[in-house]
Amino acid sequence: MSELITADLVVLDQDLGEDRFDLIRNLSEKVVQQGRATSLEGLYADAKARESKTDTGIPGGIAIPHCRSESVTEATLAMARPAPGVDFGAKDGPADLIFFIAAPEGADQEHLTLLSKLARSLVKKSFVASLRSAEDPQDVVDLVNGALGLGGASEASDAGASAGPSSDQVSQEGGSKTPTGEGSTSLAAGARAAAGATATAGATATAGASGAEAAASSADTAASDDDHGTTSATEDAASTKDSTEKRLVAVTACPTGIAHTYMAADSLAQVAEEKGIRLDVETQGSSGNEALSQETIDAADAVIFAVSVDVRDRERFAGKPVIESPVKRGIDEPEAMIDEAISASEDPNARRVSGSKSANASAASDEGTWGGRIYRSLMTGVSYMIPFVAAGGLLVAISFILGGYEIANNANDILGISDDAVTGDGASLFNLGDTSLLQYLAAVANVIGNFAIGLLVPALAGYIAFGMSGRPGIAPGFAAGLVANTVGAGFLGGIVGGLLAGVVAYLLAKPKLPRWLAGMMPVVIIPLLATMISSGLMFLILGQPIAWIMTVLNDFLMSMSGASAVVLGLILGAMMGADLGGPINKAAYLFATAGLSAGNDVSKEIMAAVIAAGMVTPLAMALATTIRKKHFTEAEISNGRAAWLLGASFISEGAIPFAAADPLRVIPSSMVGSAVAGAVCMGSHVASPAPHGGVWIVFLVDNWPMYLISVVIGTIVTAAVYLVLKGLGNAKTGNEKADEVAAAS
């Protein structure tokens with residue numbers, strides 16, 4: 001592996017311009033001059049764009065501008081100690097230590113790990129002090145290599161490590177053995193107190209404080225030597241803490257995932273240790289990410305999101321009080337974020353992470369197995385697919401309102417569309433011809449809606465592959481989904497094609513390759529090979545058998561009427577009520593929405609039955625808490641009020657608080673009532689052209705009175721069974737217990 005930094009990439013005590021962009025350009029020139037980037041303008045543009053998103057200055061006179069760029073040929077670190085300092089947006093003033101990280105677009109894991117480790121080293125005061133006192137560029141190179149573990153013992157000593165215990169030594173405190181440098185920060189606070197010094201911007205460690213600060217740095221931050229996983233601020237001391245100790249979890253992430261991600265994790269962990277708070281941090285960065293276990297998340301009192309990008313698998317944290325800020329605040333104000341999280345954990349009205357964790361939580365324990373990986377990938381594909389079909393289905397439904405059902409047959413003729421291309425012979429907004437404006441708008445809505453629904457299978461396959469292998473799997477997955485559509489394999493083909501594309505992309509990414517080849521893998525080679533293999537198999541071998549299965553299934557559905565339709569409604573309804581937004585519920589919904597794209601009457605009837613059944617359980621919980629309040633706590637009654645709206649809007653997750661608290665009563669009640677609603681709906685030939693909406697699509701539904709009646713019947717049945725089961729179980733809770741206590745007194 002080539003060196004990250006050389007003496008030619010270090011600039012000391014020179015005037016490098018008045019603003020940050022001048023300095024970044026100067027360092028970009030250094031990188032290009034050393035043959036580590038092909039284009040100055042390309043590298044500078046990427047670095048400037050990244051800097052414009054978020055300030056990279058951090059307290060203590062440090063800045064870490066960084067970027068990924070296609071112009072960079074090998075991971076590079078350039079360093080400047082400008083005189084005077086340059087403002088990079090830190091609250092305490094200009095920076096006099098600037099590290100510029102230039103990473104290739106497809107940087108290898110080893111280099112990214114080292115760059116992240118350097119960012120974490122910059123929270124160590126002795127290391128920073130040594131950089132400020134370095135006399136020549138080679139001293140800086142030796143210090144950096146020592147911090148990264150790339151140099152010899154002398155370099156590590158220069159970085160301040162020799163002043164405190166080595167990474168192999170073990171400190172003892174109160175009988176608890178804690179290996180320093182392996183995840184503990186138990187000595188950090190005490191060493192800082194012994195030092196008797198505080199860090200200020202641009203300050204150099206004094207002789208009297210350097211030894212103690214070096215000792216602190218050797219035990220500093222739970223994550224300083226863990227670049228690949230989660231960080232626990234009090235890992236070893238947890239067993240000695242009182243059971244009432246506050247526990248927090250955090251996620252840190254920045255756009256490039258190189259520097260700020262890990263510095264925020266360390267800053268938060270350091271403050272949590274000083275406050276005696278258990279904190280587990282998940283770093284969603286480029287140098288590795290081990291997800292927090294669901295058990296750890298469930299045990300936490302609150303969650304901190306210090307992120308400047310979306311949190312991966314956010315649903316795992318559903319229901320937890322949350323504090324969310326840009327990643328830089330985790331570096332600048334870690335104490336404030338910790339304090340806010342503690343306050344949120346004690347505030348019943350605090351903002352909470354939205355969504356349902358049921359699917360992800362159940363899969364968390366399987367995350368290391370292929371079964372768990374496939375499960376999560378399928379759930380990812382379904383979750384991302386639903387907005388496509390919901391948007392498309394509702395647009396088609398709106399077109400029916402505006403232009404009647406016949407619009408489905410003549411929308412293309414009105415707009416002059418042939419072979420999915422506008423010929424110019426149809427009506428336009430400014431030249432309607434013989435078409436009314438209402439008919440024209442109906443045709444537009446119908447065509448757009450059908451295009452969106454047409455993306456159902458490609459989106460399903462693409463995001464299944466994404467769930468399996470990340471971004472390199474998206475293109476192969478979409479391609480396999482399009483092939484599945486072309487050969488008539490439908491949503492089953494999309495599932496198979498998506499899994500194929502994801503597995504192939506995942507396996508292709510596993511081998512360690514030379515750096516010159518590794519950079520091309522995620523952008524060119526993996527998408528190419530995974531697309532060829534998965535789409536080729538789908539087109540040549542798998543597509544026709546799957547298409548035959550889909551044909552048989554569709555023929556079977558088309559033949560269903562009378563008693564058979566009622567049985568189908570019972571089955572689909574029970575599935576919708578089984579796990580309230582979980583995998584069984586989603587399987588039934590996927591079955592209905594996939595069939596809806598066919599546009600036949602049976603498919604619309606299945607869709608209506610699924611929607612009606614999905615509304616039942618939250619409405620039943622709302623009804624039960626309204627008519628028998630003595631059976632429930634105040635919190636459950638409050639959840640019941642919210643469930644009225646959630647159930648009416650076809651959001652089954654509104655019943656999850658009840659199912660989580662009392663699953664042995666809620667789930668059987670839910671399945672019985674939802675099955676009844678589905679059977680009544682199918683037996684009455686209720687049909688919905690829209691895939692979502694609850695009561696709000698009532699006037700789009702054929703035989704809408706029976707649609708509402710089926711929901712009401714299912715709701716009453718579920719509520720009645722639930723209350724009977726609570727009575728049989730002698731489940732006296734909440735207000736009922738309070739009344740008994742009052743009567744006894």
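**Entry 1: Gly462**

I looked up Gly462 and found its place in helix α17, which spans residues 456–469. The model I am reading is a predicted one. I then asked whether Gly462 is buried or exposed. Its relative accessible area is 0%, so Gly462 counts as buried, since the cut-off for buried is under 20%.

Next I listed the residues that Gly462 touches, leaving out residues up to four places away in sequence. They are Gly473, Ile474, Gly477 and Phe478. I also looked up Gly462 together with Gly494: 32 residues separate them in sequence, and their C-alpha atoms are 8.5 Å apart in space.

**Entry 2: the nonpolar cores**

Which residues have the most contacts inside the largest nonpolar core? I found Phe100 and Leu122, in a core of 53 residues. Strand β6, residues 97–104, gives the most to this core, with six residues.

I followed Leu122 further. Setting aside neighbours within four places in sequence, I noted that Leu122 is in contact with Ile62, Ile64, Phe99, Phe127, Val128, Leu131 and Met263. Another core, of 50 residues, lies apart from the one that holds Leu122. Among its residues I noted Val457, Ala609, Met615 and Val711.

**Entry 3: a patch on the surface**

I turned to the surface and found a nonpolar patch of about 790 Å². Leu528, Leu529, Met532, Ile533, Leu537, Phe539, Leu540 and Ile541 make this patch. I chose Ile533 for a closer look and located it in helix α21, residues 521–559. Ile533 counts as partly exposed because its relative accessibility is 40%, and that class lies between under 20% for buried and over 50% for exposed.

Notes:
Residues are numbered from 1 along each chain as its sequence is written. This is a predicted model: local features need pLDDT of at least 70, side-chain atom pairs count only at pLDDT 80 or more; totals for chains, interfaces and linings use all residues. Side-chain values use heavy atoms; hydrogens and water are left out. Patches are made of residues with over 30% relative accessible area and no salt bridge: like charges are joined within 9 Å, nonpolar side chains (Val, Leu, Ile, Met, Phe, Trp, Tyr) within 5 Å. Accessible areas come from the Shrake-Rupley method with a 1.4 Å probe; for residues, only the protein chains shown count as cover. A salt bridge is a side-chain nitrogen of Lys or Arg within 4 Å of a carboxyl oxygen of Asp or Glu. Helices (H or I, at least four residues) and strands (E, at least two) are DSSP runs, numbered from the N terminus. Buried means under 20% relative accessible area, exposed over 50%, partly exposed in between (1.4 Å probe, protein chains only). A nonpolar core is a set of buried Ala, Val, Leu, Ile, Met, Phe, Trp, Tyr and Cys residues joined through side-chain atoms within 4.5 Å. Contact means heavy atoms within 4.5 Å.
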